[in-house]
Amino acid sequence: MQIKPEQQRLAMQISVDYEKHNLTALPRHIEKVKRPEVKLYYTGLLAILEDDWRKVEACKNQLRSKVFRSVLDAEMAFKTGRYDDAKRHGDQAIADSAGMQRYILIKMMDRQSRSEQRISYF
């Protein structure tokens, strides 16, 4: 499946908004995502920022992608201070991923782990 350039730009913008905790722009950008699976994943990430654990679980239960579910589990565990669980879920996400997705997850994790003020697992 080929991803259109506007969806690629949107994914990059959502990543930046997520990292900056831009709760104003994130919902607007997520609404424009065309692929339902990706939209659910981003909605789950937004719910983590909002501490809406029921919504995170609802998103996870609808996701088919094991990688996306593991990333949400890792981010949820990290945000709630369960760092061993975050590592276990993060390692699982990387193990289940491949290609560019795996590369991006590893790079994001490395970048966050080097940050003095780490705000997320990935």
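This is a tour of a predicted model, stop by stop, with what to select at each one.

Residues are numbered from 1 along each chain as its sequence is written. Because the model is predicted, local features need pLDDT of at least 70 and side-chain atom pairs count only at pLDDT 80 or more, while totals for chains, interfaces and linings use all residues; side-chain values use heavy atoms, with hydrogens and water left out.

**Stop 1: helix H3**

Select residues 36-49. This is helix H3, with 14 residues. Helices here are DSSP runs (H or I, at least four residues), numbered from the N terminus; strands are E runs of at least two. From first C-alpha to last, H3 reaches 20 Å, close to the 20 Å expected at 1.5 Å a residue. The expected span is 1.5 Å times one less than the number of residues.

How many residues of H3 are buried? The count is 12 of its 14, and H3 is mostly covered. Buried means under 20% relative accessible area, exposed over 50%, and partly exposed in between (1.4 Å probe, protein chains only). The buried residues include Glu37, Val38, Leu40, Thr43 and Gly44.

Now show the cover. It includes helix H1 (5-19), helix H2 (25-31), helix H4 (53-62) and helix H5 (66-79).

**Stop 2: ring pairs**

Stay on H3 and pick Tyr41 and Tyr42, both among its buried residues. A search of the whole structure finds five aromatic pairs. The Tyr41 and Tyr42 rings have centres 5.5 Å apart and planes at 45°, so this pair is tilted. Rings of Phe, Tyr and Trp (its six-membered ring) pair if their centres lie within 6.5 Å; planes under 30 degrees apart count as stacked, over 60 as edge-to-face and the rest as tilted. Tyr41 has a relative accessible area of 11%, so it is buried. Tyr42 is buried too, at 12%.

Move to Tyr121 and Phe122. Their pair is edge-to-face, 5.0 Å centre to centre with 80° between the planes. Both residues are buried. Add Phe78 and Tyr83 to the selection: ring pairs link these two with Tyr121 and Phe122 into a cluster.

**Stop 3: two loops**

Select His21, in the loop between H1 and H2. His21 is not a glycine, yet has a positive phi of about 55°. Its relative accessibility is 38%, so it counts as partly exposed.

Then go to Asp51, in the loop between H3 and H4. Asp51 comes just after H3 and takes a positive phi of about 55°. At 43% relative accessibility, Asp51 counts as partly exposed.

**Stop 4: helix H6**

Select residues 83-96 for helix H6, and find Ala95 in it. Ala95 is exposed, with a relative accessible area of 52%. Draw a distance from the C-alpha of Ala95 to that of Met12: the two atoms are separated by 23 Å, with these positions 83 residues apart along the chain.

His89 also lies in H6. Is His89 buried or exposed? His89 is buried, at a relative accessible area of 16%. Leaving aside neighbours within four places in sequence, His89 is in contact with Ser70, Asp73 and Ala74. Contact means heavy atoms within 4.5 Å.

**Stop 5: salt bridges**

The structure holds eight salt bridges. Each is a side-chain nitrogen of Lys or Arg within 4 Å of a carboxyl oxygen of Asp or Glu.

- Lys87 and Asp91: the closest N and O atoms are 2.8 Å apart. Both residues lie in H6, four residues apart, about one turn of the helix. Lys87 counts as partly exposed at 44%, and Asp91 as partly exposed at 35%.
- Asp85 and Arg82: the closest N and O atoms are 3.1 Å apart. Asp85 is partly exposed at 25%, and Arg82 is partly exposed at 38%.
- Glu57 and Lys60: the closest N and O atoms are 3.2 Å apart. The two are three residues apart in helix H4, so about one helical turn separates them. Glu57 counts as partly exposed at 32%, whereas Lys60 counts as buried at 10%.

Add Asp73 to that last selection. Salt bridges that share partners join Glu57, Lys60 and Asp73 into one network.

**Stop 6: a surface patch**

Finish on Met100, Tyr103, Ile104 and Met108, which form a nonpolar patch on the surface. Together they have about 400 Å² of accessible area. Patches are made of residues with over 30% relative accessible area and no salt bridge; like charges are joined within 9 Å, nonpolar side chains (Val, Leu, Ile, Met, Phe, Trp, Tyr) within 5 Å. Areas come from the Shrake-Rupley method with a 1.4 Å probe; for residues, only the protein chains shown count as cover. Tyr103 sits in helix H7 (residues 99-114). At 49% relative accessibility, Tyr103 counts as partly exposed.
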